[in-house]
Each structure stands twice: as C-alpha cells, then as structure tokens.
Amino acid sequence: MKAAVIVFPASNCDRDIQVALRQSMGEEPIMVWHREGTLPKVDLIVLPGGFSYGDYLRAGAMAAHSPIMREVVARAGRGVPVLGVCNGFQILAEAGLLPGVLMRNATLKFVCRDVHLKVEAANSIFTGGYRPQQVLRIPIAHADGNYFADDRTLDELEDEGRIAFRYCEPDGRISSEANPNGAQRNIAGIFNKDRNVLGLMPHPERAADPALGNTDGRALFDHLVASLGP
Amino acid sequence: MMAARREPAVDQKLASGMGLSAEEYARILALLGRTPNLTELGIFSAMWSEHCSYKSSKKWLKTLPTTAPWVICGPGENAGVIDIGQGWAAIFKMESHNHPSFIEPYQGAATGVGGILRDVFTMGARPIAIMDPLRFGAPDHPKTRHLVAGVVAGIGGYGNCIGVPTVGGECTFHPSYNGNILVNAMTVGLARADRIFYSKAAGVGNPVIYVGSKTGRDGIHGATMASAEFDERSEEKRPTVQVGDPFTEKLLLEACLELMATDAIVAIQDMGAAGLTSSSFEMASKGGVGIEIDLDRVPTREPGMSAYELMLSESQERMLMILEAGREPEAEAIFRKWELDFAVIGRITDSGRMILRKDGQLAADLEIAPLVASAPEYERPWTPTPARAPLPAAAVPGPPKGMLEALAQLLDTPDLCSKRWVWEQYDHMVMADTAQGPGGDAAVVRIHDSNRALAITTDCTPRYVAADPVMGGRQAVAESWRNLTAVGARPLAITDCMNFGNPQRPEIMGQFVGAIQGMGEACRALDYPVVSGNVSLYNETSGKGIQPTPAIGGVGLVEDLRRSVSLAGRAGLAIYVVGETRGHLGSSVYLRELWGSEDGAPPPVDLAAERRHGDFVRAQILAGHVGACHDTADGGLLVAVAEMAIAGGIGAHLQAAPAGVPAHAFWFGEDQARYVLAIAPDHVAAVTAAAAKANVPLAALGRFTGTALTLPGETAISVAELRRRREAWLPRYMGQA
C-alpha cells in the first residue's frame with residue numbers, strides 16, 4: 001500500500017499523521033508539498049490537520065484552491081480513498097468533495113480536549129475496524145468544527161448511512177452536552193456518496209500510540225492498511 | 001515634486017522623549033563628538049533601553065550560577081542550551097510581553113508567543129512546547145475579564161496555528177496587577193547538540209540577509225515602551241504594539257530549519273525587540289566586525305519608510321542571517337519555496353562600524369563596539385525589604401464549618417480553581433508527543449521517536465516574594481525543581497523572567513536584589529543553573545508596582561517515560577506526605593481566602609531539606625515504588641490530596657491531623673519541601689525504610705478509596721462535588737464576559 005500526505009503551507013499535523021500511518025503501514029507515506037505538480041500513484045490520500053494559509057480566509061478555503069486539489073478531486077472521483085482530518089475535513093468541504101460547511105464553534109472559542117465519538121457506520125474502508133455503535137475517546141482541537149448543512153442534506157446523509165461519527169456521552173448517548181462545537185445532529189465525520197472520502201474533525205492520529213495512553217484511533221489506520229493491502 | 005519628509009531636530013528634549021536621560025544623552029554626544037541624527041539617536045535609545053541593555057539588572061544577574069557540566073550555552077544568546085544526552089540538546093527561554101498585552105491583549109500575547117518561538121528556532125531547534133505563566137489583576141477590576149479573554153485567545157491563536165503544543169503555565173489574580181498584567185511565555189525546543197546556531201557574525205564580505213515578513217510601521221520603539229511606567233494615557237501607545245502573523249511564522253520556522261540542515265549559515269538572530277537595530281548591532285558586536293546595510297533593500301509593507309522607521313520597527317516574523325558568501329542562491333530557493341521574502345541587504349566589513357544607507361545617502365555611521373560597551377550600567381540604590389514577623393498558627397482561626405468545607409471553598413477561588421477554561425483553548429496535543437499536558441505538576445513532552453521526555457514547569461509565588469524577596473526567590477526555584485521531581489524527572493536548568501516595578505525606587509530595587517539572592521542560593525543548592533532569561537522592569541502604573549514576580553521556567557529530563565508518574569490517585573494506594581508539616585500559615589492561601597489577610601512571613605525554604613527530600617522522592621519514583629506524586633504548594637496538604645483525588649476520580653479516607661499542630665494549620669499550612677506520595681501497599685515497607693535511611697520525614701495520611709474525601713468527625717464530601725466546585729470559578733467568571 002502507498003499513501004500520500006498532502007502538505008499545505010501551515011499544515012501542522014502532517015508529521016503526526018505520517019507517524020500514525022508509518023506505525024500501521026510499516027513504511028513511510030509519501031509527503032507531497034502542495035505545489036508539486038503531480039501526485040504519485042497511491043492507494044490513499046490524506047489531508048492533514050493544521051491551519052493551512054493561517055485560516056485567514058475561511059478555514060480550508062485557500063487550500064481547496066491549491067492546484068493539487070484538482071488532482072485530489074479527480075482521484076477521489078476514480079475511487080481512491082481520501083481521508084481529511086480537522087483542517088483536512090474543512091478543505092474537503094470547501095473543495096466540494098463533501099457536503100456542508102464547518103463554521104466557527106458555537107462557543108466562538110478554540111477547543112482542545114478528548115471527546116467521545118459513536119461509530120455510526122462501520123461499513124467503510126475507514127471505519128471497518130470498529131464495531132457499529134462502538135464508543136471511542138478521541139481528541140479534538142479546532143475553532144471551526146461546527147458542521148452545518150441544510151435539513152435535506154442532513155436527512156440524505158442519515159438515510160444513506162453517510163454519518164461516520166457523532167459526538168456522544170461516554171455511554172454512547174447523543175446529547176447536546178456531548179457536542180463540543182454546535183455541529184448539526186452532533187456530526188463529527190461524514191462520507192461522500194461513494195464512501196471513499198471521509199472527513200472528520202477529531203484527530204485519530206493523536207490516539208494511536210500506546211505510549212501516550214490512548215489507542216482508540218489506531219483501528220482506523222490499521223483497517224485502511226488491511227483493506228488496501230500491505 | 002515629492003517633498004522630503006522633515007525630521008525633527010535632535011536635542012535633549014527629543015532624546016528624553018525616547019526614554020534617554022540627560023546624562024545618557026550627554027554620554028552619546030561625548031562618544032560621537034557630534035550630535036547624532038534622528039536614526040542614530042533612535043538606535044542609541046533602543047540599544048540603551050532597559051529592555052535591551054539590562055542596565056539596572058546586569059550587576060545582579062551576573063551573580064546567578066550559569067554553569068554545569070550539561071550546560072552548552074548559558075545566558076547571552078537567543079536562548080539557553082543544555083545537553084540532554086544521546087546527541088540531543090534542549091534549547092529554551094522565557095520572555096515577558098507584559099506592556100503590549102495590557103494595551104492590546106490579543107496581539108500582545110500572540111506576539112509574545114511568536115517572539116519566544118523565534119528565539120528558540122533561531123538557534124536551530126524545533127520548538128516542542130510552549131508554557132505561559134499569566135498574572136492578572138483583581139477579578140472585580142473592570143479590565144480583568146477583557147484581558148483574560150484577549151490574552152488567552154491570543155496565546156491560543158498563535159500557538160495553535162503554528163502547531164506547537166501549549167502544555168501548561170499559570171494563571172493567578174491579584175490587585176497589584178490591575179494596571180500591569182504579566183504575560184510571560186516560554187518555549188522549549190530540541191536540536192542536535194552539534195547543530196546549534198549562534199548569533200556571532202563573521203567573515204568579511206559575507207552577505208547580510210533579511211528573511212521573513214516585510215517591515216511595516218508597527219511596533220516602532222516597542223522596546224522603549226517596555227522600559228517605561230504606565231499612566232492613564234498608556235492607551236495612546238497602542239500603535240507601538242505589533243501584530244502577529246502565525247501563518248508566516250510557521251513558514252519561517254520550516255524554511256529556517258530546512259536551511260539549517262545545510263552549512264550555509266554563519267550566524268542568525270531573530271529581529272525581536274528593537275528589530276533590525278538590536279539584531280544587527282548584537283551580531284556585529286559579538287563577532288567584532290562591521291556591517292554595511294542598504295536600507296533600500298529591506299522589504300517593506302508600505303512606501304516611504306524612513307531609515308529611522310526601518311531601524312526601529314518591530315514588525316514580527318523576521319530574521320537576520322549571515323550566510324557564507326556564494327550560498328545565497330540555494331538559501332533563496334528555500335525561502336522562495338516557503339513564499340517568504342529573502343533579501344541581501346548588506347555585507348560584513350572589517351571597519352567595526354555600522355554604516356546605513358538610505359536613498360543613496362548615508363543614514364547612520366556608528367562605531368559598534370563603543371556603543372555596546374558604553375551602554376550604561378547602573379548600580380541603583382536599594383533598600384532591603386523589611387522582615388515580617390512570623391505568624392503563629394495559633395493566631396489564625398480554624399475554618400468555621402470544618403476542614404472539608406473550607407477545602408471546597410478554597411477550590412472555588414481564582415488562584416486554586418481549575419484552569420481548564422484556559423488550557424482547553426490551547427492545542428496541547430499537537431505534535432503527538434504530549435505525555436502529560438496541563439493540570440499536573442509538570443508537563444511531560446516526549447523527545448520524538450524515543451522513550452525519553454522533557455519535563456517542563458513554570459513557577460512563582462509572588463506573595464511570598466513580596467513578603468520576603470530572598471525566601472520568595474528561593475521558593476520559586478525550589479518549587480520548580482519539586483514540580484519536575486514530582487513527575488520523576490531530573491531537573492537540569494532554568495530560565496527566568498524577572499517581572500518587577502520601577503528599579504529607580506530603592507524598595508523595588510531591593511526586591512530585585514533579594515529575589516536574585518534567593519534564586520542564586522537555590523540554584524546552587526540544587527545544581528540547577530540559569531541558562532537564559534529576561535528582565536521586565538517598570539511594571540508600575542501611576543507609581544504602584546506589581547508584586548515582585550521572578551517567574552521560573554524549569555526543564556528536566558525523564559530518562560524513561562514508563563517510569564514517569566502523574567498526580568492521579570488510584571484506588572488502594574496509601575497516601576503519605578514527605579517532609580515536615582509544621583503548619584505554616586503566614587502568607588498562605590488559606591489565610592488570604594478565608595480570613596482576608598496577606599500577613600505573615602512566608603514559609604522558610606530549607607534548601608538542604610529540599611535537596612534531600614527531592615532526591616529521595618525521585619529515587620522512589622524511578623524504583624517504581626510510587627503510584628502517584630504531587631508537589632505540595634498553594635493551599636497545603638488537603639488541597640494537594642484533593643487535586644490527586646480529582647485527577648484520579650477516586651475518593652480518599654484521611655486520618656485525623658496529628659496532635660501538636662492545629663488541624664487547620666496541618667491541612668492548609670504551606671510548609672515547603674513536601675510531596676504527597678501514593679504508594680501501593682506492597683511498596684510501603686520499602687519506601688518507609690528508604691526514608692528512614694535518608695533521614696527524610698515520611699508520615700501516613702490515609703488511603704485512596706471510595707468516592708468521597710473523608711476526615712474523622714466531618715461530613716464526607718464526594719469527589720464529584722469537589723470537582724464541580726473546582727471547575728466552577730473560571731467559567732462562571734468568564735461567562736459574564
């Protein structure tokens with residue numbers, strides 16, 4: 001399996017996801033600077049977290065227009081799995097690969113803490129390593145994670161089983177108290193129609209190393225590797 | 001036709017407006033043998049400001065111990081450097097951004113973080129952690145809430161974007177900071193020990209390179225502002241505050257580290273306080289060389305900037321480098337890749353002079369060595385702080401409703417409450433090496449791709465320093481050493497950030513002298529040298545100074561992450577206190593919060609006991625005998641046990657206080673050199689025997705069990721309730737923002 005991590009100016013979780021991928025893959029992912037004209041042939045494309053272009057415009061809006069994104073969109077259309085974490089999710093939404101937008105948190109503040117996530121759909125290349133309804137503890141760190149889409153889109157996401165993760169209580173209950181950013185219907189991560197694109201606000205790569213005491217995010221990477229071959 | 005901008009005539013009045021005294025201005029005239037032009041006067045004013053020259057503090061700073069076998073570079077460079085083994089060096093420093101943060105909290109705090117990050121990566125280190133000790137005014141002061149909100153957002157805004165975790169700090173409140181908040185920022189970075197970059201310019205003919213952001217008119221004379229007292233009109237100084245751009249700094253960080261992987265750089269320094277002036281003069285002065293700069297080549301944000309403005313601007317995210325001649329193209333390619341400005345603005349010469357040209361004309365011509373060497377150094381008159389009478393515990397009443405209710409009350413106060421509201425706004429996990437984040441004794445950040453870690457803490461108890469500067473200086477250093485010890489680290493060195501009032505007042509200077517004396521004593525006793533630091537004086541408004549605040553940033557080494565412990569108690573562990581509990585209530589939090597008094601001498605700090613107790617605790621942790629450990633500080637033993645219980649989500653059954661010490665003094669006294677240990681039953685015998693052998697007092701307090709804190713004869717209080725009380729204050733306070 002070959003994976004590429006796209007590095008935008010001021011991506012800052014690129015190394016973290018590189019480490020998590022290396023741990024599961026047993027080899028290095030390819031780090032691709034966003035200005036490089038070509039994207040090597042890979043089995044997985046990852047858009048890491050960070051503050052691409054400082055988030056000075058809307059989060060992800062500038063990076064979504066980076067030339068390499070045309071190729072990312074094309075590959076996604078051909079079925080290549082694309083994972084966007086945090087700022088990566090924002091870029092995927094801005095690039096139109098995923099519906100909806102990520103607005104400023106309802107608290108208007110940046111928030112960094114562990115949250116609980118319910119696996120709403122375990123039938124994907126990203127989430128197949130989890131049990132349906134499994135509760136995970138994964139960190140978040142963002143100022144713009146307030147997922148918004150119109151009701152029709154939200155209903156469609158629900159009906160098509162495209163909500164990957166929701167913020168929940170430790171026991172799995174979905175409540176407004178468990179929602180850290182005001183996201184519609186507690187949505188933390190969603191798929192595209194073909195389920196080969198996942199965007200999520202929480203950081204599974206920060207919960208993949210036993211030495212740091214939490215490995216709830218590791219199954220996501222392990223399952224990608226298992227599905228995409230060694 | 002373009003009218004030439006007229007510069008004001010240089011005279012003593014103008015010099016005085018720039019913060020130079022009559023005597024200093026006379027010294028400049030004598031040195032030059034002529035009247036300086038405006039640009040030259042501006043340069044003198046910046047270089048001789050308190051902020052850049054340390055003119056009031058230098059004499060005393062020199063008395064601090066700065067060496068140890070593991071110190072690679074002590075004070076005088078951009079940051080301190082220590083050897084942490086296996087080919088790695090830790091590079092760190094703390095700085096203040098007090099004055100700008102009071103005037104414009106978001107940008108002031110943000111650029112404070114940006115500046116200290118540059119100090120560290122300019123030496124070749126990748127920053128791995130930020131810490132921010134903050135001191136605000138009284139909660140009921142009309143500006144406090146606004147300042148807390150702005151400062152916290154500013155720190156987060158910068159650190160989160162650049163992607164360096166903010167792993168801790170402090171946040172306390174006292175009316176003495178009403179007009180002068182303290183915003184200190186510390187950065188710790190890692191570099192290969194043989195790849196450290198210094199600021200000493202060399203090589204006649206080598207190019208002088210400007211990289212980073214363009215220069216604008218922001219922050220002109222910031223260093224001079226930071227060297228003056230505030231008054232009611234300080235708001236007018238808003239234009240002297242810089243504006244931060246963490247996005248550009250992230251690019252600058254990556255570009256610098258990429259270039260540093262080559263051998264093209266001769267010297268490098270960040271343009272911090274006093275911008276192009278201090279960076280160019282310091283680099284030239286260290287190398288004993290001259291520099292010629294063509295100011296027309298400096299990338300600018302706006303047209304028509306004068307030589308004076310270019311030299312004094314404090315625009316952020318800029319660096320000055322000396323390259324090996326001929327290496328410009330490869331260096332430029334790196335900076336262009338990162339979309340940053342890169343300009344050759346001058347050359348190194350052998351003239352020993354700084355020659356600046358602008359619009360084809362000579363804009364300044366100054367001999368460098370005399371300007372730096374003749375910087376004033378004052379022996380300010382000082383008077384020692386009068387000793388306070390000790391306050392016997394018997395003179396302080398017990399709590400009206402019992403110890404546990406007093407505990408709950410204390411946890412719901414501004415200084416002892418949880419600071420979660422603050423640190424959840426900081427990304428404390430990015431880089432995925434944070435083993436212990438905010439909320440413990442020390443942050444523990446793994447050395448990437450290894451089993452080892454750095455422990456980092458910032459500490460000071462200003463009320464102790466105010467009561468007795470010598471003891472308070474000792475205590476600040478000792479507490480930082482204890483906090484590193486409590487996670488199982490070997491303390492290695494400190495950086496200090498000396499925040500004081502107006503040094504021209506003998507009683508303030510006396511606080512400074514006393515604190516330095518106490519710090520030096522502690523550093524020597526604990527083998528814990530000072531490797532970098534910063535002095536912030538004139539923290540006064542309308543003649544009222546802050547509580548003296550020598551903030552200490554300590555760094556220690558965890559040799560094996562698996563041997564490190566946290567403060568979280570666990571069911572079944574026995575609770576012991578290391579050190580003697582005499583029940584010292586003078587200057588305690590209990591006295592202040594329950595009885596509204598700040599009286600009494602602070603607790604004495606016995607440095608031999610600190611050393612003995614700390615070495616014992618560390619040895620027991622490394623032997624695997626300790627399940628959890630917590631330094632006993634503000635609020636005393638009961639607060640320490642409660643914090644351990646809350647962190648572990650476990651109750652604690654405590655025994656009655658021993659006879660001979662009043663119960664409230666036992667539980668809330670702030671005697672020093674103490675730790676609370678949680679020990680598994682099968683290790684108790686070994687720990688007890690080791691304590692006896694090492695002559696370390698060790699006393700049983702109880703056991704972690706159940707869901708509540710209990711004391712004989714009192715109504716138990718659940719850990720859930722204690723947590724609720726401890727989490728309440730800050731959100732409640734800031735909710736009204």
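**Why the terms apply: two chains of a predicted model**

Me: What makes the pairing of the side chains of B:T581 and B:R674 a polar contact?

Reply: In this predicted model, a distance of 2.9 Å joins the side chains of B:T581 and B:R674. The limit for a pair of N or O atoms is 3.5 Å, so the pair of B:T581 and B:R674 at 2.9 Å qualifies as a polar contact. B:T581 lies in the loop between β22 (574–578) and α20 (589–595) of chain B.

Me: Is B:T581 buried or exposed, and how do you know?

Reply: The relative accessibility of B:T581 is 13%. Buried means under 20%, and therefore B:T581 counts as buried. Apart from neighbours within four places in sequence, B:T581 is in contact with B:L637, B:V661, B:F666, B:D671 and B:R674.

Me: Which helix of chain B contains B:L637, and why is that helix described as largely enclosed?

Reply: B:L637 is one of the buried residues of α22(B). The helix has 13 residues, of which 11 are buried, so α22(B) is largely enclosed by the rest of the structure. Among the buried residues are also B:G636, B:E643 and B:I646.

Me: How do you know that the span of helix α22 of chain B agrees with what is expected?

Reply: At 1.5 Å a residue, the 13 residues of α22 (636–648) of chain B should span 18 Å, and the end C-alpha atoms are 19 Å apart, which agrees. Just after α22(B), B:G649 takes a positive phi of about 60 degrees.

Me: What makes B:A284 a buried residue?

Reply: B:A284 has a relative accessibility of 0%. The cut-off for buried is under 20%, so B:A284 counts as buried. This residue is found in helix α11 (residues 275–287) of chain B. Leaving aside neighbours within four places in sequence, B:A284 is in contact with B:A201, B:V289, B:I291 and B:I368.

Me: Why is the pair A:R185 and A:D155 called a salt bridge?

Reply: The N to O distance between the side chains of A:R185 and A:D155 is 2.9 Å. A salt bridge requires a distance within 4 Å, so this pair of A:R185 and A:D155 meets the rule. The pair links distant parts of the chain, with A:R185 in the loop between β9 (163–168) and β10 (187–191) and A:D155 in helix α4 (residues 151–159), 30 residues apart. Both A:R185 and A:D155 belong to a network of salt bridges that also includes A:E120, A:D151, A:E158 and A:R166.

Me: How do you classify the accessibility of A:R185 and of A:D155?

Reply: Partly exposed lies between the limits of 20% and 50%. A:R185, at 29%, counts as partly exposed, and A:D155, at 36%, likewise counts as partly exposed.

Me: What makes A:R35 and B:E339 a salt bridge between the chains?

Reply: A:R35 is in chain A and B:E339 in chain B, and their side chains meet at 2.8 Å, N to O. The limit is 4 Å, so the pair of A:R35 and B:E339 qualifies. The count between chain A and chain B is five salt bridges. In contact there are 28 residues of chain A with 29 residues of chain B, and the area buried between the two chains is about 2400 Å².

Note on methods. Residues are numbered from 1 along each chain as its sequence is written. Chains are lettered from A and ligands numbered from 1 in the order in which they are written. This is a predicted model: local features need pLDDT of at least 70, side-chain atom pairs count only at pLDDT 80 or more; totals for chains, interfaces and linings use all residues. Side-chain values use heavy atoms; hydrogens and water are left out. Helices (H or I, at least four residues) and strands (E, at least two) are DSSP runs, numbered from the N terminus. The expected span of a helix is 1.5 Å times one less than its number of residues. Buried means under 20% relative accessible area, exposed over 50%, partly exposed in between (1.4 Å probe, protein chains only). Contact means heavy atoms within 4.5 Å. Buried area is the accessible area (1.4 Å probe) that two parts lose on being put together, summed over both. A polar contact is a pair of N or O atoms within 3.5 Å; within protein, one must be able to donate a hydrogen and the other to accept it, and residues adjacent in sequence count only if both atoms are side-chain atoms.
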